[in-house]
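Colleague: I'd like to go through this one with you, feature by feature. Could you show me how you read it?

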Amino acid sequence: MGFPKDFLWGGAMAAWQVEGAYREDGKGLSTADVEARGAKGVPRKIYDKPVEGVLFPSHDGIDFYHRFPGDVELFAEMGFKALRVSIAWTRIFPNGDDSEPNEAGLAFYDRLFDDLNARGIKPVVTLFHYDTPLALVKKYGSWRSREMVNLAVRYARTCLERYRGKVTCWLTFNEINGLFISPKPWHQAGIVYRDDEVMNQVRVQAAHYQLVAAARIAKIAHEVDPANRVGAMVIYHLSYPYTCRPEDQVKNREKMLPQFYFLDVQARGRYTNLCQQVWDRLGYTPKMEPGDKDDLRAGTVDFISLSYYFSSVESVEPLKELVGNVAKGGRNPYLEITEWDWQIDPVGLRVALNQLEDRYQLPLFVVENGMGAQDTVETDGSIHDSYRIDYLRKHIQAMHEAVTVDHVDLMGYLMWGPIDLVSCGTGEYKKRYGFIYVDRHDDGTGSFERSRKDSFYWFKKVIATNGEDLDDLDR
Ligand code: BGP
């Protein structure tokens with residue numbers, strides 16, 4: 001009794017957070033390329049074009065574009081069964097709506113997927129991970145416009161056809177529900193609300209367009225290759241009622257609605273009563289076109305994937321608030337917090353998996369979980385990241401219980417940021433997640449050289465024992 005034999009152990013990352021080479025081989029600018037570095041408590045400033053003298057961390061990433069063969073070799077050394085990467089839309093269609101795809105961009109991902117497959121690492125591929133073509137933001141106002149649906153579907157079809165046989169596990173929109181959670185969904189949808197528009201109206205409509213696009217893409221994926229499996233992907237922001245006061249329970253339930261709004265549609269193929277409740281609260285119902293309902297029905301997902309980092313609490317009384325990179329919530333006195341104020345709640349992962357299992361009875365896949373922390377490189381080059389090992393161990397234990405005690409159907413665990421990368425929320429390098437250290441710093445210095453942290457050897461053992469041996473290494 002343990003994790004399934006074919007459990008997918010590995011890591012997850014996104015194109016713009018690792019690739020760099022932001023103008024190479026014909027790549028166009030994306031929303032990620034004009035977002036400057038921030039810091040904890042300092043929001044990332046958005047520009048309308050790259051500006052000299054401002055640091056845009058996506059421009060260099062960790063130079064994965066050039067160094068991926070070495071990185072894949074390190075992932076293989078750890079025994080990875082899967083690696084989640086994303087395709088940058090702007091490498092394939094630099095402006096989002098070009099008449100022909102960019103062959104050099106397509107060829108890059110051919111090389112990457114071939115390399116992964118050759119090493120027995122299954123590519124898990126996200127089509128939209130926070131990098132909308134900037135040209136579409138300027139031309140159409142991004143996901144405010146219905147034009148985006150056809151363009152996104154065309155880009156997805158190009159990828160599905162090109163990588164047929166090389167990729168069979170697909171995710172459409174990363175953390176799609178972030179659109180309802182974020183006060184400024186630049187990452188999720190290329191939108192910063194204008195003063196002359198009603199936020200709720202824009203987000204409900206944009207969400208509808210993304211849901212229709214996601215459904216049409218899922219249908220095409222199944223037609224292009226019956227072996228394809230398509231997943232929904234949400235940020236699972238678990239929230240507990242702060243007290244046993246019934247009103248706290250009601251308020252907390254309301255807070256959790258965005259977790260299920262998108263999943264209901266993607267799993268059931270229709271807007272449910274819960275969605276109607278959300279529309280009532282937001283005061284807006286999406287405008288639909290004939291055919292939309294059929295599209296939603298025909299494009300349901302095969303599994304549900306989630307990112308899980310932290311939990312928070314909700315109450316009718318004012319709370320001390322904490323901020324994550326997308327979601328906000330109240331402080332829980334029972335939990336410790338990271339340097340970036342994310343509450344560490346491994347048990348919450350078990351709770352989350354059970355909530356999803358209870359509601360959908362679909363296979364689940366943890367495709368992001370990890371801990372951002374500052375690491376110290378010792379004089380001999382070693383990095384003793386026991387805090388990271390501790391965080392991961394406790395989350396893997398919680399998953400183990402979800403699988404063995406609660407019988408949750410879990411496909412795999414992809415740790416976020418197996419190699420240090422650019423932080424999404426702050427744009428910093430110093431918020432490190434990796435098993436592999438990258439010599440790159442926030443002032444733009446560093447050689448990009450890679451080195452193994454203690455957690456590298458630990459995770460290798462975890463994979464080798466299929467998650468049974470989580471003890472510290474005797475070193
Ligand atoms: C998720 C995003 C990722 C990733 C992760 C960690 O919301 O899907 O892109 O970055 O969060 O967040 P951060 O980088 O802000 O620490």
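Colleague: Let's start inside: how do the residues of the lining of the second largest cavity divide into nonpolar, polar and charged?

Modeller: One caution before that: this is a predicted model. As for the lining of the second largest cavity, seven residues are nonpolar, six are polar and one is charged.

Colleague: And what volume does the second largest cavity have?

Modeller: About 100 Å³. There are 14 lining residues, and F128, Y130, D131, T132 and Q188 are the closest to the centre of that cavity. Once you have the residues, look for the elements behind them: β3 (122-128) and α8 (186-189) each supply at least two residues of this lining.

Colleague: How many cavities of 30 Å³ or more does the structure hold?

Modeller: Seven.

Colleague: You listed Y130 by that cavity. What should I look at in the backbone there, say the phi of Y130?

Modeller: Check the sign of phi, and check whether the residue is a glycine. Phi of Y130 is near 65°, which is positive, and Y130 is not a glycine. Y130 belongs to the loop between β3 and α5.

Colleague: Is Y130 buried or exposed?

Modeller: Buried: the cut-off is under 20% relative accessible area, and Y130 has a value of 4%, so it counts as buried.

Colleague: Which other loop residue has a positive phi, in the loop between β4 and α7?

Modeller: Look at E175, where phi is near 45°, again a positive value in a residue other than glycine. E175 sits in the loop between β4 (169-173) and α7. With a relative accessible area of 4%, E175 is buried.

Colleague: Now the ligand. How many residues surround it, and which are the closest?

Modeller: The shell has 15 residues, with E175, C424, G425, K431 and Y433 the closest. So E175 turns up again, as one of the closest to the ligand; that makes a handy link from the backbone to the binding site.

Colleague: How does the shell around the ligand divide by class?

Modeller: Six of the residues are nonpolar, six are polar and three are charged.

Colleague: Next, the polar side-chain atoms. Which side chains come up against oxygen atoms of the ligand, and at what distances?

Modeller: Go through them pair by pair. A polar side-chain atom of Y433 is 2.5 Å from a ligand oxygen. For E368, a side-chain N or O atom is 2.9 Å from an oxygen of the ligand. For S423, the distance from a polar side-chain atom to a ligand oxygen is 3.3 Å.

Colleague: How much of the ligand's accessible area does the protein cover?

Modeller: The ligand has 370 Å² of accessible area on its own, and the protein covers 100% of it.

Colleague: On to the pockets. How much space lies in the second largest pocket, and which residues lie nearest its centre?

Modeller: The space is about 550 Å³. Its lining has 19 residues, and F180, I181, E254, K255 and P258 are nearest the centre. As with the cavity, you then ask which elements contribute: α7 (178-181), α10 (246-268) and α11 (273-282) are those that give two or more residues to this lining.

Colleague: Which element gives the most to that lining?

Modeller: That's α10, with six residues. By class, the pocket lining has nine nonpolar, three polar and seven charged residues.

Colleague: Just after α7 there's a loop to α8. What does the side chain of S182 reach?

Modeller: The S182 side chain reaches the backbone nitrogen of K184, at 3.1 Å. S182 lies in that loop between α7 and α8, and at 7% relative accessible area S182 is buried.

Colleague: Last one: how do I read pairs that are separated along the chain, such as L136 and L151?

Modeller: Set the separation along the chain beside the C-alpha distance. L136 and L151 are 15 residues apart, with C-alpha atoms 9.5 Å from each other. L136 is in helix α5 (residues 134-140) and is buried, at 0% relative accessible area. V137, also found in helix α5, is 52 residues along the chain from A189, and their C-alpha atoms are separated by 9.1 Å. For A373 and W340 the figures are 33 residues and 7.9 Å; A373 lies in the loop between β13 (364-368) and α14 (386-404).

Definitions and conventions
Residues numbered from 1 in each chain as written. Predicted model: local features only at pLDDT ≥ 70, side-chain atom pairs only at ≥ 80, totals over all residues. Heavy atoms only, no water. Near = heavy atom within 4 Å. Polar contact = N/O pair within 3.5 Å; in protein donor to acceptor, adjacent residues only side chain to side chain. Areas by Shrake-Rupley, 256 points an atom, 1.4 Å probe, with all protein chains shown as cover. Nonpolar A, V, L, I, M, F, W, Y, C, P; charged D, E, K, R; others polar. 1 Å grid on protein atoms, 1.4 Å probe; cavity = no way out; pocket = protein on both sides within 12 Å on 5 of 7 lines; lining within 4 Å. Points joined across faces, edges and corners; volume = space filled by probe spheres on them. Helix = DSSP H or I, 4+ residues; strand = E, 2+ residues; numbered from the N terminus. Buried < 20%, exposed > 50% of the residue type's maximum accessible area, 1.4 Å probe, protein only.
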